[in-house]
Amino acid sequence: MVSIHELSRRSGVSVSTVSRALNGYTDVSAATRQRVQELARELGYSPSEAARTLVRRRSTMVGVVWDPGFGQPAPHPFLHQVLDGIRYGLGNRGYDTLLVAPVLDEAAQDAEAYVRRARQLSLAGVVVMGVDPAQPCVRGLIDSDVPVVLVDIDRRGPRTVRLTSDNVGGAALAARHLHALGRRRLACISGPLDLPTSEDRLRGFRDELAGLGHDLPGELVAAGDFFHDGGAEAMRGLLALPERPDGVFGCSDLMALGAMSAIGDAGLRVPDDIAVVGFDDVPAAAYARPRLTTVRQDVPAFSAAAAEQVLALAASPPDEEPEGAVVLETSLVVRESCGAAG
């Protein structure tokens, strides 16, 4: 393998000049930069990431702090899709993605745990999703000077951008759709109510129903966990009511699919007896029988925005005010589970 010292010898300039020419510094003459770069291509020279990091003061690597399953045995498909999209988006911009191992137990109480990792690895920035923002290690990262994009986490820091879909508006779409189909006793299976995503979707559904002249009584709100089994359990509770609902909004597709399973187990039919609408539009929604009507989050746009925002933060001056929040539109995908599509 050709070394930078060999490039220096053959090009007749110092090692530092070779390094600066390869990294595009303008204090190297155009002729020298072209000569060094052509020689590097000719000899097949590839600079090490460690060497590039020393020159640039930061690496071409972005960290992702991610708990893929909120403590569940299987990852949530929406976050998995977003992660794949982030990797693709960063890769197209010449950056690599590093999954940062979650800190657990006692280490989670160390506010500097993630900050140290980011600095030791000279990360350009960090994307955070699917973790508890109340953990000291997460709060410490948000409060630091590390560029951070927060996915569905409602926290603010000196160098953070919050990224989310229009959860309130999307839930309102679900409420309007079910109401337009003549369903009047509507229920909501929420996610954990300590998460802003859950709060926003429940609020959007409730407020839209209120605007249509209908209440959402507490008995018709069942707490789930964003996953299939939690949705099934919540639906069983709703079916046990003296008067069962005729329409259900699941605040995630997995919960909506779990609700459909519970409805079938009870000898009832979707959508004849109970219409069901989900949220996310994960791949399984289109393969369910009946296929699931859902509020779609735009995964490609979400992933692209995460990649763009973390790199924009990394390139911005430390004292520049970050954008704050990026909210992406949602849309309704009508399928058979609500009774509106054949």
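**Exercise 1. Find the residue in E3 that is the bridge partner of valine 62.**

Solution.
- Start with the partner: valine 62 bridges to glycine 125 in E3.
- Place the pair: strand E1 covers residues 61-66 and strand E3 covers residues 125-129. The two run parallel and share five bridges.
- Fix the terms. Strands (E, at least two residues) and helices (H or I, at least four) are DSSP runs, numbered from the N terminus. Two strands pair if DSSP finds at least two bridges between them.
- Fix the source. This is a predicted model, in which local features need pLDDT of at least 70 and side-chain atom pairs count only at pLDDT 80 or more, while totals for chains, interfaces and linings use all residues. Residues are numbered from 1 along each chain as its sequence is written, and side-chain values use heavy atoms, with hydrogens and water left out.

**Exercise 2. Give the strand order of the six-stranded open sheet and name its edge strands.**

Solution.
- The order is E2-E1-E3-E4-E5-E11, with parallel pairing.
- The edges are strand E2 (96-100) and strand E11 (324-328), each of which pairs on one side only.
- Neighbouring strands of this sheet are turned by 20° against each other on average, direction ignored.
- Now add a helix. H5, residues 77-92, lies across E1, E2 and E3 and runs at about 175° to E1.
- On the angles: axes are lines fitted to C-alpha atoms, for helices over the stretch in contact, and angles run from 0 to 180 degrees between N-to-C directions. Contact means heavy atoms within 4.5 Å.

**Exercise 3. Sort the residues of strand E9 by the way they point.**

Solution.
- E9 spans residues 275-280, and six of its six residues are buried. Buried means under 20% relative accessible area, exposed over 50%, and partly exposed in between (1.4 Å probe, protein chains only).
- One way: Ala275, Val277 and Phe279. The other way: Val276, Gly278 and Asp280.
- The rule behind the split: in a regular strand, side chains alternate between the two faces of the sheet.
- Add the neighbour. Strand E8 (residues 247-250) pairs with E9 in the parallel sense over three bridges. Valine 248 has valine 276 of E9 as its bridge partner.
- Check aspartate 280, which sits in E9. Its phi is near 135°, a positive value in a residue other than glycine. Aspartate 280 counts as buried because its relative accessibility is 4%.

**Exercise 4. List the buried residues of helix H6 and say what covers them.**

Solution.
- H6 runs over residues 113-120; its buried residues are Ala113, Tyr114, Val115 and Ala118.
- Their cover includes E1, E2, E3 and helix H7 (136-142).
- Take arginine 117, also in H6. Is it buried, partly exposed or exposed? Arginine 117 is partly exposed, because its relative accessible area is 27%.
- Leave out residues up to four places away in sequence: arginine 117 then touches Val100, Ala101, Pro102 and Val103.
- Check one distance. Arginine 117 and alanine 101 are 16 residues apart along the chain, and their C-alpha atoms are separated by 9.7 Å.
- Just after H6, serine 122 takes a positive phi of about 50°.

**Exercise 5. Locate the cis peptide bonds at proline 271 and proline 290, and the positive phi of aspartate 152.**

Solution.
- Baseline: most residues other than glycine have a negative phi, and most peptide bonds are trans.
- Valine 270 and proline 271 are joined by a cis bond with omega about 5°. Proline 271 lies in the loop between helix H11 (253-265) and E9.
- Arginine 289 and proline 290 are joined by a cis bond with omega about -5°. Proline 290 is in the loop between helix H12 (283-287) and strand E10 (293-297).
- Aspartate 152 has phi near 55°. Its loop connects strand E4 (148-151) and strand E5 (160-165).

**Exercise 6. Summarise the chain in numbers.**

Solution.
- Count elements: 13 helices and twelve strands.
- Box the C-alpha atoms along the principal axes: roughly 85 × 45 × 35 Å.
- Take burial: 49% of the 342 residues are buried.
- Take contacts with a separation of 6 or more: residues 24 or more positions apart account for 69% of them.
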